[in-house]
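Open your viewer, switch on the cartoon, and keep the selection box handy. We will go from stop to stop, with a residue to pick and a look around at each.

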Amino acid sequence: MLSEHNVTSANFEEPAKQISKMAEHLDERKSEEVINVSNIKKAFERKDRKKEKMPDVPKKRDMQQRKVVRLSKFRHVFGQAVKNDQCYDDIRVSRATWDSSFCAVNPKFVALIVEASGGGAFMVLPLQKTGRIDKSYPTVCGHTGPVLDIEWCPHNDQLIASGSEDCTIMIWQIPENGLTAPITEPVVILEGHAKRVGIVSWHPTARNVLLSAGCDNVIIIWNVGTAEAMITLDDMHPDMIFSTSWNRNGSLLCTTCKDKKLRVIDPRKEEIIAEKDKAHEGARPMRAVFLTNGNVFTTGFSRMSERQLALWNPENLDEPIALHEMDTSNGVLLPFYDGDTNIVYLCGKGDSSIRYFEITDETPYVHYLNTFASKEPQRGMGYMPKRGLDVTRCEIARFFKLHERKCEPIIMTVPRKSDLYQDDLYPDTPGPEAALEAEEWFEGQTKDPILVSLKDGYVPGKNREFKVQRNRLDKPAQNKKTESGSTPMKGPSLNANSESKLDELFQEVKTLKATVASQNERIANLENQMAKITI
């Protein structure tokens with residue numbers, strides 16, 4: 001019995017020991033868990049403390065982001081096309097492949113190069129003559145070849161110059177109220193180029209001074225008042241000239257050429273001041289414009305045919321101040337520069353958009369502002385001078401976009417709540433009064449443009465009469481009226497018939513000498529060719 005009792009007690013003791021061991025083990029685990037939980041709590045407390053300290057960092061970042069946003073009153077400039085009834089409809093815009101704007105605008109008229117059979121023509125419309133233009137509307141049609149470029153005189157709103165494939169430049173006087181009949185007789189014909197004339201550009205400050213550039217790689221600067229070629233730059237460009245631009249006071253020129261060089265020229269000294277080879281490495285045409293501060297802005301193409309824009313300092317053309325790549329379109333970018341606001345508008349031929357940039361002294365120097373986009377591609381573009389804008393609507397630019405069959409005005413405005421005149425948007429701008437006469441400029445004088453205020457809106461004054469002196473081509477038509485019904489501009493009457501005859505003879509001898517000289521050169525060239533063949 002005892003043995004049985006001992007066995008059973010032993011059997012009961014073993015499970016008791018196991019239970020006590022298990023209880024001890026559980027106590028240990030609980031203590032461990034308590035420790036772990038406390039550690040976790042401490043970790044969370046540390047994180048919370050960190051979070052309390054963190055809010056200072058985002059504030060710094062926000063301030064940095066705020067500093068990145070550049071302050072400019074032109075950041076919100078936006079473009080808007082006018083309604084259809086304010087467009088000029090049913091116009092056959094020229095199909096010429098020349099890379100010019102095909103349109104010229106001033107505060108009175110808009111001129112557009114149009115298709116014409118049997119020669120070249122352009123249309124001149126008063127700004128208020130919107131809507132459908134009749135097919136029989138009169139044109140200016142004196143050229144025997146297509147018109148390639150036109151430009152209004154900055155000092156006379158009724159005077160316009162045109163360059164053509166017939167190698168001539170013609171100056172036209174437009175009647176004050178527009179055309180009532182076709183004009184075929186110009187007031188001046190300027191002949192001196194051996195090939196087509198693709199560029200005409202009036203001097204910004206001197207009266208009756210006109211620049212022309214032809215496909216003969218020659219630049220001629222004319223005194224339009226006497227119909228004389230005063231300066232001929234014939235040894236500076238070995239290839240076709242793509243663009244020319246005067247600086248603000250007209251003392252310097254910048255040109256771009258097919259040889260990929262950008263040149264800054266002093267025309268009166270007939271010397272190149274600065275030159276940059278491969279300003280843009282692409283083979284497509286470049287454009288260049290002088291800025292108010294003396295820098296030069298260019299558009300062109302890279303080696304990979306990407307469109308580029310660049311900013312240059314003429315005193316150091318080794319490296320550009322700024323160079324930006326835009327896109328891979330193949331349309332030539334035409335730059336229109338507003339010297340008062342330092343904004344450049346870029347219009348690509350064949351594009352359907354106008355991009356605009358502000359140029360400042362802060363990096364990156366050329367700041368993108370915005371893009372005006374539309375559906376239809378542009379065949380050409382006209383740019384209104386500042387004195388033709390509506391200052392009551394805060395209008396800072398107006399473009400005249402050429403479609404295939406119409407001309408559409410596009411208005412650029414700065415949104416402002418006040419209807420009052422905004423002084424900061426409209427600093428004094430070059431007016432229509434010339435600072436110099438042609439003779440003074442050719443003698444070496446230089447003056448800045450005469451500025452006018454737009455505060456009360458620009459009121460055009462009476463245009464000074466354009467006079468032609470010693471112009472042989474104009475004299476036979478002095479006693480009869482042109483087809484437009486206006487009398488041709490008469491030069492000052494000479495005292496004696498002998499003097500006028502002497503003048504005519506002198507001009508004729510001059511032209512004959514020039515013809516003989518050119519024929520002699522041709523004969524010499526032909527003789528050389530014959531000599532080579534016989535050898």
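## First stop: Asn223

Select Asn223 and show what surrounds it: leaving out residues up to four places away in sequence, Asn223 touches Asn208, Glu228, Met230, Ala438, Glu439 and Phe442. You will find Asn223 in strand E14, which covers residues 219-223. Is Asn223 buried or exposed? At 4% relative accessibility, Asn223 counts as buried. Now add Gly225 to the view: its backbone nitrogen lies 3.1 Å from a polar atom of the Asn223 side chain. Keep in mind throughout that you are looking at a predicted model.

## Zoom out: the whole chain

Step back and colour by secondary structure. The chain comes to four helices and 32 strands. Of its 535 residues, 46% count as buried. If you draw the contacts with a separation of 6 or more, 53% of them come from residues 24 or more positions apart.

## Second stop: Thr232

Pick Thr232, in strand E15 (residues 228-233). Thr232 counts as partly exposed, at 33% relative accessibility. Apart from residues up to four places away in sequence, Thr232 touches Val218, Ile219, Ile220 and Glu270. Try a distance label here as well: Thr232 and Arg268 are 36 residues apart in sequence, and their C-alpha atoms are 9.7 Å apart in space.

## Third stop: Tyr337

Next, select Tyr337 in strand E24, residues 333-338. With a relative accessible area of 17%, Tyr337 is buried; the cut-off for that label is under 20%. Which side chains does the Tyr337 side chain meet in polar contacts? One is the side chain of Thr292, at 3.0 Å. Another is the side chain of Asn342, at 2.4 Å.

Show the rest of the surroundings too. Not counting residues up to four places away in sequence, the residues that Tyr337 touches include Val289, Phe290, Leu291, Ile343 and Val344. Tyr383 is also one of the residues that Tyr337 touches, although the two are 46 residues apart in sequence and 9.4 Å apart from C-alpha to C-alpha.

## Fourth stop: Asn106

Move to the loop between strand E3 (103-105) and strand E4 (109-114), where Asn106 is found. Asn106 counts as buried, at 2% relative accessibility. Turn on polar contacts and follow its side chain to two pieces of backbone. A polar atom of that side chain lies 2.8 Å from the backbone nitrogen of Lys108. The Asn106 side chain also reaches the backbone oxygen of Asp157, at 2.9 Å.

Which residues is Asn106 in contact with, leaving aside neighbours within four places in sequence? They are Leu127, Trp152, Asp157, Met384 and Pro385.

## Fifth stop: backbone angles

Hide the side chains for a moment and look at the backbone. Asp90 lies in the loop between strand E2 (88-89) and E3. Its phi is near 60 degrees, a positive value in a residue other than glycine. Asp90 counts as partly exposed, with 21% relative accessibility.

Cys167 sits in the loop between strand E9 (159-164) and strand E10 (168-173). Here phi is near 75 degrees, again a positive value in a residue other than glycine.

Then go to Pro364, in the loop between strand E26 (353-359) and strand E27 (366-373). The peptide bond to Pro364 from Thr363 is cis, with omega near 5 degrees.

## Sixth stop: the cysteines

How many disulfides does the structure hold? It holds zero disulfides. Cys215 is in no disulfide, and the nearest cysteine sulfur, that of Cys167, is 9.0 Å away. Because a disulfide is defined by sulfur atoms within 2.5 Å, a distance of 9.0 Å rules out that pairing for Cys215. Cys215 is buried, with a relative accessible area of 13%. Cys347 is buried as well, at 2% relative accessibility.

## Last stop: the cavity

End the tour with a surface view of the interior. There is one cavity of 30 Å³ or more, and the largest cavity has a volume of about 40 Å³. To see its lining, select Phe242, Cys257, Lys258, Lys260, His280, Gly282, Ala283, Arg284 and Met286. What mix of residues lines the largest cavity? The lining divides into four nonpolar, two polar and three charged residues.

Key. Residues numbered from 1 in each chain as written. Predicted model: local features only at pLDDT ≥ 70, side-chain atom pairs only at ≥ 80, totals over all residues. Heavy atoms only, no water. Buried < 20%, exposed > 50% of the residue type's maximum accessible area, 1.4 Å probe, protein only. 1 Å grid on protein atoms, 1.4 Å probe; cavity = no way out; pocket = protein on both sides within 12 Å on 5 of 7 lines; lining within 4 Å. Points joined across faces, edges and corners; volume = space filled by probe spheres on them. Nonpolar A, V, L, I, M, F, W, Y, C, P; charged D, E, K, R; others polar. Helix = DSSP H or I, 4+ residues; strand = E, 2+ residues; numbered from the N terminus. Polar contact = N/O pair within 3.5 Å; in protein donor to acceptor, adjacent residues only side chain to side chain. Contact = heavy atoms within 4.5 Å.
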